[in-house]
Amino acid sequence: MIVFSLRATIILTLITIMLGPLVYLSGIRKDTHESELLQIEASIAETRDSITVLKAEWAYLSRPDRILQLSERFLDVKPLDPHQIIPVNELNKITKPQTSNNIEEANLTWRIE
Amino acid sequence: MNVLSRLIRLISDMPAAEARRVAASRLGVVRIVALCCFCAIGLRVGWLAIDLSSEAKAYTPTIKQSVRGDILDRNGQVMATTVPVFELYADPQEILDPREAAAKLATVLTDMDEETIYKRITRDTRYAELAWRLSPKKYADVLRLGVAGIHGRRKLTRAYPNATAAAHVLGGVNKDGQGIAGIEHHQNTLLASGTDLTLSIDLNIQAILREEISSQIDLFEAIGGAGIIQDIETGEIIAMVSLPDYNANHMGYIADDHRFNRATKGLYELGSTFKVMNTAMALESGIFAETDMIDVISTLRVGRHIIDDYHPEKANLNVAEVLIVSSNKGSARIADKLGADIQKHFLNELGFFEKTALELPELGMPLIPSRWGRAEIMTISYGHGISVTPVHLTSAIATTAGSGLLVTPTLIKQSQPAEINVQVFSPQTAAKIRAMMRRVVSHPRGTANKADVNGYLVAGKTGTSEKISGNGYDTKANITSFVSVFPANDPKYVVFTMIDEPKGQKHSYNFATAGWVAAPVAGRIIKRVAPMLGVHPIDENMPEIRQSLMLNLPELEKEGAKHASF
C-alpha cells in the first residue's frame with residue numbers, strides 16, 4: 001500500500017511547475033539552433049560559390065600562355081636545350097673544360113665526357 | 001492484477017474503514033501514474049537539453065551537388081567550370097533620378113557608356129536588362145552604388161578560364177547548360193550528373209602546340225593549321241589544336257570557319273605521309289623486303305595519268321630509300337604489286353574506313369574511292385584519292401611506327417594502357433619503319449631535315465598535297481603536313497603538324513612545301529615539349545642506338561658520301 005505524504009505531493013507539484021519553463025526554453029534553444037543552421041548553410045553555399053569563382057580566376061590567371069608571357073617579360077629563363085639535360089647516373093661524368101679562361105664561358109660549356 | 005481485482009470487488013459492498021483504505025490506495029495509484037508521466041517528460045526535456053547534437057544532425061545542410069561537373073586537364077587544372085553570375089536589370093519605375101543613376105552605373109559597367117545606360121533605364125518597361133553575366137564582385141560593386149531600382153538575379157554559367165586553349169575540344173553549352181558541342185556535348189550525361197571529367201589534354205603542352213602552329217601560320221601567311229600530340233602507349237591525345245580558333249566563352253558568336261575542328265572533322269588528302277603505311281604494308285605482307293630494288297626511272301603510266309616524282313631519280317632505289325626520298329613512282333609501284341586486297345585490309349585495320357573513336361561529336365568520315373581500281377591503289381599509296389582527318393593519320397602512324405599495336409585515340413585520361421591489343425604490324429616492321437622515318441629527318445636526302453632536334457631522335461614523314469578545287473587540284477594551294485614519332489629508338493609520342501595553304505616566303509626561298517613549313521615547327525615543338533613529357537635526350541651515336549636504327553641504303557650512302565655528312 002503506497003500512500004504519498006503532503007511533502008511528496010508538494011515536491012512533485014514544484015517539479016511539474018519547473019518542467020514547464022524548461023520545455024519552453026528547450027524549444028527556444030532549438031529554434032535558435034535551427035536559424036543558426038540556416039545561416040551556416042547559407043554561408044557554406046556562399047563559400048562554395050567563392051571557391052568556384054576563385055578556382056576559375058586562378059585557372060584564368062595561371063593559364064600557360066599568360067605565364068609564358070610573364071616569364072618572358074620578368075624572368076631571365078629560356079626553354080631547356082637538350083644538351084642541358086643529362087641522366088642522374090651520368091652526373092659524375094661531367095667535367096669542366098680547362099681551356100677557357102672566362103668563367104662564364106666555362107660554365108656554359110660543361111660537357112658530358 | 002491483484003490490486004485491480006480487489007478494487008472491482010470493493011465497489012459492491014464495503015464498510016467505511018475499508019472504503020477509506022481503498023480511496024487512499026486509489027489515490028496512490030493515480031500518483032504513481034502521474035509521477036511516471038512527469039518522469040518521462042522530465043527525462044525527455046533533460047535529454048533534449050543535453051544532447052542537441054543528434055537533433056542538429058536531422059537538419060544537417062544537404063546542399064545539393066547538382067551543378068554541372070568541371071572539366072579538368074590531366075594535371076587537374078580547371079578547363080571548364082560552373083560559376084555564379086548575376087543578371088542585372090533595372091525597374092525604370094523605381095528609379096528616382098535616371099541621370100544620376102546612369103552616371104553612377106557607368107563607373108562600374110565599363111562595357112556600356114552612360115548614354116546607353118540612360119536610354120535603357122528610361123524605357124517604358126518594368127524590366128530593362130543591363131548586364132547578362134556579371135561576376136559576383138562586380139555585382140557587389142553595383143549594389144554598393146546604392147542606386148534604387150537596380151536588381152540582380154543569381155544564375156549559374158559555364159566558364160572556360162583558358163579562353164582559346166583547347167576550345168575545339170571543350171565545345172560549349174547552351175543557355176540551359178546542356179552540352180551542344182565538343183566534349184561538353186559528348187560527355188553531357190556524365191557532366192550533368194555533377195561528376196568532374198579529367199581529360200588527357202595537358203594545358204601546358206597545349207599552349208606550346210598552339211603558339212608554335214599559330215606563329216608558323218603567321219610566318220607563312222597560311223589560312224589555318226592543326227596540331228596533335230598523342231601518347232603512343234595509351235592513345236591519349238596530350239594536345240590538339242585547330243587554327244583559327246576562338247574564345248570558348250563566346251562560342252555562340254563565332255564564325256563557322258573558326259568553330260570548324262580541322263584536327264578531327266577536316267578531311268584532307270594528306271599526301272606522302274601515307275607512304276609510311278604503304279611501306280609498312282609492303283614489309284608486313286612479306287611481298288617486299290626493305291632491300292628490294294624498285295624501278296623509279298622508267299615512266300609509270302596508269303590510264304591517262306603519268307605518276308611522276310617531285311625530284312626525278314637518277315638510279316633505282318630500294319624499298320627503304322623510296323620512303324626516305326619520298327618517291328611517288330616507287331610507292332605506286334610497290335602498291336601496284338601489293339594489290340587492292342592487301343591495301344584495303346591494312347587501311348581498314350588502321351581505322352581509315354570509319355570515324356575515329358574520339359569522344360567528340362565533330363568527327364569526319366573519311367572519303368574513300370567507291371571504285372578501287374589500279375589508279376586508286378597507286379594514288380592512295382602516296383596519299384591521294386583518300387581524304388582523312390589528321391586524327392586518323394596520327395593514330396595510324398602511332399600504330400605503324402609505334403609497336404605495331406593498334407592505337408585508338410582518346411581524350412579522356414587513361415590510368416593504364418588500352419586492354420584490347422590488335423597487332424596490325426609486327427614490332428620488327430614498326431622498327432624498320434622508324435629507322436626509315438629517322439632517315440627522312442637525319443639524312444641529307446630526307447625531306448624533313450628541319451625537324452631534327454639534337455638528342456630526341458625525331459623520325460617523321462612530310463606530306464605536301466595540292467588542295468582539291470572543283471574537278472582538279474589547285475596547284476597554288478597546298479596542304480603541308482608532317483607526322484613524326486620520337487624518340488626513334490623507343491617511340492613515346494606522335495606529333496602531327498599541318499599548315500593549310502602556306503605561301504612561299506623570302507626566308508623559305510619561296511618554298512611552301514611541308515619540309516619548309518610543317519617539319520620545322522614540329523622540331524621546335526618537340527624541343528620544347530620533350531623535357532615536359534619526361535623524354536630524355538640521348539646520344540644517337542651510342543652503339544645500341546645505331547644498331548636499332550640500322551638500314552641498308554646503297555644508293556643514299558653513295559650520295560651521303562658526296563654530302564660528306566650523314
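Helices and strands here are DSSP runs, helices having at least four residues and strands at least two, and both are numbered from the N terminus. With those labels in hand, start the tour at B:Pro244, which sits in the loop between β9 (237–243) and α11 (256–259) of chain B. Please keep in mind as you click around that this is a predicted model.

**Stop 1: the cis proline at 244**

Select B:Leu243 and B:Pro244 and look at the bond between them. The peptide bond is cis, with omega near 0 degrees. Now add B:His258, which belongs to helix α11 of chain B. Leaving aside residues up to four places away in sequence, B:His258 touches B:Pro244, B:Asp245 and B:Tyr246. Is B:His258 buried or exposed? The answer falls in between: B:His258 has 17 C-beta neighbours inside 10 Å, so it counts as partly exposed. If you also pick B:Ser465, the C-alpha distance from B:His258 is 23 Å, across 207 residues of sequence.

**Stop 2: chain B as a whole**

Zoom out and show chain B as a cartoon. You will find 20 helices and 16 strands. How does the radius of gyration of chain B stand against the globule rule? At 37 Å, the radius is well over the 24 Å that the rule gives for 566 residues, so chain B is more spread out than a compact globule. Along the principal axes, the C-alpha atoms fill a box of roughly 145 × 75 × 50 Å. Colour by burial next: 46% of the 566 residues of chain B are buried. Contacts reach far along the sequence too, since of those between residues at least 6 apart, 71% join residues at least 24 apart.

**Stop 3: two domains**

Give each domain of chain B its own colour. The domain assignment puts 71–91 + 118–198 in domain 1 and 206–563 in domain 2. Their C-alpha centres lie 41 Å apart. At the meeting point, 19 residues of domain 1 of chain B are in contact with 17 residues of domain 2 of chain B. On the domain 1 side, α7 (167–170) and α8 (182–186) of chain B each supply at least two of the touching residues. That side has 10 nonpolar, 8 polar and 1 charged residues.

**Stop 4: helix α4 of chain B**

Select residues 98–108 of chain B, which form helix α4, and show the side chains of B:Ala101, B:Ala102 and B:Leu105, which are buried. Looking down the axis of α4(B), you will see the buried residues within an arc of 100 degrees, so they line one face of the helix. Turn the helix around: the face away from the buried side carries the exposed residues B:Arg99, B:Glu100 and B:Thr107. Among the elements covering the buried residues of α4(B) are α5 (114–121) and α6 (136–145) of chain B.

**Stop 5: a hairpin and a second cis proline**

Move on to strands β14 (residues 459–469) and β15 (residues 472–486) of chain B, which run antiparallel and are joined by 11 bridges. One pairing to display is B:Ile468 with its bridge partner B:Tyr473 in β15(B). The hairpin has 2 residues between the strands, and B:Gly470 takes a positive phi near 60 degrees there. Then follow the chain to B:Phe486 and B:Pro487, which are joined by a cis peptide bond with omega about -15 degrees. B:Pro487 lies in the loop between β15 and β16 (493–500) of chain B.

**Stop 6: two positive phi values**

Pick B:Leu457, in the loop between α17 (427–442) and β14 of chain B. Phi of B:Leu457 is near 45 degrees, a positive value in a residue other than glycine. B:Leu457 has 27 C-beta neighbours inside 10 Å, so it counts as buried. Now pick B:Asn510, in the loop between β16 and α18 (514–529) of chain B. Phi of B:Asn510 is positive as well, near 70 degrees. With 10 C-beta neighbours inside 10 Å, B:Asn510 counts as exposed.

**Stop 7: where the chains meet**

Finish by showing chain A alongside chain B. The contact takes 36 residues from chain A and 41 residues from chain B. On the chain A side, α1 (6–61) and α2 (64–74) each supply at least two residues. Which element gives the most to that side? Helix α1(A) does, with 22 residues. By class, the side of chain A that touches chain B has 24 nonpolar, 5 polar and 7 charged residues.

Key:
Residues are numbered from 1 along each chain as its sequence is written. Chains are lettered from A and ligands numbered from 1 in the order in which they are written. This is a predicted model: local features need pLDDT of at least 70, side-chain atom pairs count only at pLDDT 80 or more; totals for chains, interfaces and linings use all residues. The radius of gyration is taken over C-alpha atoms; the globule rule is 2.2 Å times the number of residues to the power 0.38. A residue is buried if 20 or more other C-beta atoms lie within 10 Å of its own, exposed if 12 or fewer, and partly exposed in between; C-beta atoms are placed from the backbone. Two residues are in contact if their C-beta atoms, placed from the backbone, lie within 7 Å. Domain bounds come from an automatic or database domain assignment. Ala, Val, Leu, Ile, Met, Phe, Trp, Tyr, Cys and Pro count as nonpolar, Asp, Glu, Lys and Arg as charged, and the others, Gly among them, as polar. Two strands pair if DSSP finds at least two bridges between them. The arc is that of the directions from the helix axis to the C-beta atoms.
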